[in-house]
Amino acid sequence: MTAPVTAATMALDGGIAPAASEVEPDAFVASRGYWGHVGHRLVRDPVAITAGAVILAIVVVAILSPWITPMDPYRGSMLRRLKPVGDATYWLGSDELGRDMLSRLMVGARLSLFMGVTPVLIAFVIGSSIGIVAGYVGGWTNTILMRTIDVFFAFPSVLLAIALSGALGAGIFNAIVSLTCVFVPQIARISESVTTGIRARDYIDAARLSGASALTIMRVQVLGNVVGPIFVYSTGLISVSMILASGLSFLGLGVRPPEPEWGLMLNTLRTAIYVNPTVAALPGLAIFIVSISFNLFSDGLRSAMEIRQ
Amino acid sequence: MLLYILKRLVAVTPVAFGVSLVCFLLVHLAPGDPLSAILPADATQATIDEMRAAYGFDKPLPVQYAIWLWHVLHGDLGVSIATGRPVLGEVTRAVVNSLILASVATLIGFTFGTLFGFVAGYHRNSILDRVASAISVFGVSVPHYWLGMVMVIVFSANLGWLPPTGAGPDGSGNWRPDFEHLRFIILPAVTMSVIPMGIIARTVRALVADILAQDFVEALRAKGLDEVGVFKHVVRNAAPTALAIMGLQLGYLLGGSILIETVFAWPGTGFLLNAAIFQRDLPLLQGSILVLAMFFVALNLLVDVMQTALDPRIERA
């Protein structure tokens with residue numbers, strides 16, 4: 001709606017005000033905010049943009065998959081099992097129960113993405129809250145919170161994820177809970193160090209002197225200044241989370257059959273690697289593409305925000 | 001130095017206790033009775049109670065923790081519910097196999113990671129640098145269990161060069177350093193090495209570039225030292241951090257080997273964990289996780305102390 005208005009205004013002003021071409025172009029550039037600059041730098045990074053486009057495309061396919069799959073992803077035929085890639089009916093072949101791979105990969109994207117992204121999102125909220133409170137309040141609160149976090153750092157993340165979901169039992173919900181527990185300490189530690197870094201700044205003192213409560217300062221001054229770095233760090237975790245979530249399903253600890261999920265598909269197709277290796281490797285390729293795209297996008301975002309690690 | 005080691009030991013004690021508490025609570029997080037795996041479906045309440053008392057599951061939690069911890073401190077990790085054998089023995093055998101695999105993988109990853117890192121750090125923004133960065137992004141993004149499958153497809157199914165699974169020709173549970181066994185470790189070790197390779201390459205590249213940009217390198221060249229001499233100085237400066245990363249990666253690989261061990265049926269801790277989870281053998285699960293986590297804690301401590309010893313600039317004691 002803004003375009004015609006602008007054009008009309010320019011036409012009206014044309015005679016009186018200086019023509020648009022005479023205005024210093026720098027004046028417009030300088031008006032971009034911080035996030036505007038980040039966005040501008042990001043779109044000029046071909047690798048990050050390609051990665052972002054791939055992620056977006058896969059997300060769109062995942063959302064639309066129930067309506068756009070070429071075949072029923074659950075219906076199989078034992079007579080047409082393990083068809084090769086490039087088959088006339090099954091474009092990406094068929095799986096060990098004769099179900100269409102392309103359709104299953106499309107529908108599988110839903111659960112795989114959901115299980116990869118959700119733990120990081122929840123951990124982002126919980127972890128940054130813990131980190132900000134620990135970093136801002138300091139003292140005993142910090143000691144207790146951060147020493148508890150240290151205990152979880154004593155477990156390699158894959159081991160922690162598998163131990164927790166192994167104890168809780170298989171299932172989507174348990175897998176998400178376990179992965180969240182893996183990422184909360186990592187995000188909390190980053191948030192704590194970023195918060196500690198800014199808590200002695202003048203603007204925090206100014207807010208405190210103006211009578212703002214600790215909660216308000218944390219919500220407004222602290223959160224606003226630490227959320228960027230924490231966010232970038234968290235986007236870098238999505239790739240790990242995707243690999244781990246599918247890994248849990250691969251072990252039989254996540255999604256249960258016959259629900260399509262890339263890790264689980266990879267597991268059930270393991271028996272077929274001698275018969276039809278290309279088809280067997282496809283779900284893993286999907287995980288790899290999403291994981292590397294998230295990594296490259298996160299790297300681009302980081303350099304666009306000029307955050308050094 | 002000794003004081004520093006003591007200080008670190010004191011600092012690590014509460015973490016170790018925390019770890020033991022988490023491992024203990026894992027069993028009680030689990031839904032259902034820990035004994036349900038061995039009790040017959042038609043067991044009477046009397047039998048169930050008797051078994052619960054025999055395994056000590058009838059006592060209050062803090063008491064159970066105290067008893068368990070006391071036993072653990074005396075090297076008793078309990079008895080596997082599924083096999084009836086002591087957990088410690090099972091875990092030790094598996095840890096040795098895992099450690100061999102993880103060490104070989106770390107060694108491969110470290111060798112190539114440093115190589116790529118040095119080349120990239122010396123020739124920043126060149127084609128070689130881009131290739132090295134691509135390799136490191138690949139290393140951290142690839143689902144290693146899938147890479148393992150691809151390796152099996154290429155080198156076992158298609159080319160038939162290497163065995164796809166197991167640790168030895170006899171199908172036995174122990175790896176030995178001879179030629180026949182060596183063929184079995186190649187695929188899992190190479191697959192596993194990709195993760196530390198990427199991380200080490202990335203770290204070393206940044207380190208080398210940082211060191212080369214420092215004034216002392218300029219000074220060394222100005223006084224007429226040849227490139228080999230300068231290179232020695234760069235290595236000396238990069239070594240503490242690179243070795244520390246290597247140590248940590250070994251810990252991560254040891255703890256995270258379950259997926260790769262499952263793909264290659266490697267008889268290590270991953271394999272043991274897998275069995276413990278699916279047979280709901282909770283003492284075994286608890287014991288394996290405790291040993292692995294404690295190993296990781298000890299390794300961290302060792303890396304920290306080693307780094308301090310190697311790098312005179314770090315004065316923490």
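**Note on the A–B contact and helix H11 of chain B**

1. In this predicted model, A:Ala161 is in contact, once its neighbours within four places in sequence are left aside, with A:Ser178, A:Leu179, A:Val182, A:Leu244 and A:Leu248. A:Ala161 also belongs to the largest nonpolar core, which has 153 residues, and is listed with A:Leu160, A:Ile187, B:Leu101, B:Ile200 and B:Ala293 as the members that touch the most others.

2. The contact between the chains draws 34 residues from chain A and 38 residues from chain B. On the side of chain B that touches chain A, at least two residues each come from helix H1 (2-29), helix H5 (127-141), helix H6 (144-158), helix H9 (227-255), H10, H11 and H12. Of these, H1(B) gives the most, with 8 residues. Sorted by class, this side of chain B holds 31 nonpolar and 7 polar residues, and no charged residues.

3. Helix H11 of chain B, which spans residues 269-278, deserves a separate look, as 8 of its 10 residues are buried. The buried residues are B:Thr269, B:Gly270, B:Phe271, B:Leu272, B:Leu273, B:Asn274, B:Ala276 and B:Ile277.

4. Which helices help to cover the buried residues of H11(B)? From chain A, the cover includes helix H7 (157-168) and helix H10 (214-251), while from chain B it includes helix H4 (87-122), helix H10 (258-264) and helix H12 (282-310). H11(B) is itself among the helices that supply at least two residues to the side of chain B that touches chain A.

5. A backbone detail is also worth checking after this helix: H11(B) is followed by B:Arg280, which has a positive phi, near 50°.

Key: Residues are numbered from 1 along each chain as its sequence is written. Chains are lettered from A and ligands numbered from 1 in the order in which they are written. This is a predicted model: local features need pLDDT of at least 70, side-chain atom pairs count only at pLDDT 80 or more; totals for chains, interfaces and linings use all residues. A nonpolar core is a set of buried Ala, Val, Leu, Ile, Met, Phe, Trp, Tyr and Cys residues joined through C-beta atoms within 7 Å. A residue is buried if 20 or more other C-beta atoms lie within 10 Å of its own, exposed if 12 or fewer, and partly exposed in between; C-beta atoms are placed from the backbone. Two residues are in contact if their C-beta atoms, placed from the backbone, lie within 7 Å. Helices (H or I, at least four residues) and strands (E, at least two) are DSSP runs, numbered from the N terminus. Ala, Val, Leu, Ile, Met, Phe, Trp, Tyr, Cys and Pro count as nonpolar, Asp, Glu, Lys and Arg as charged, and the others, Gly among them, as polar.
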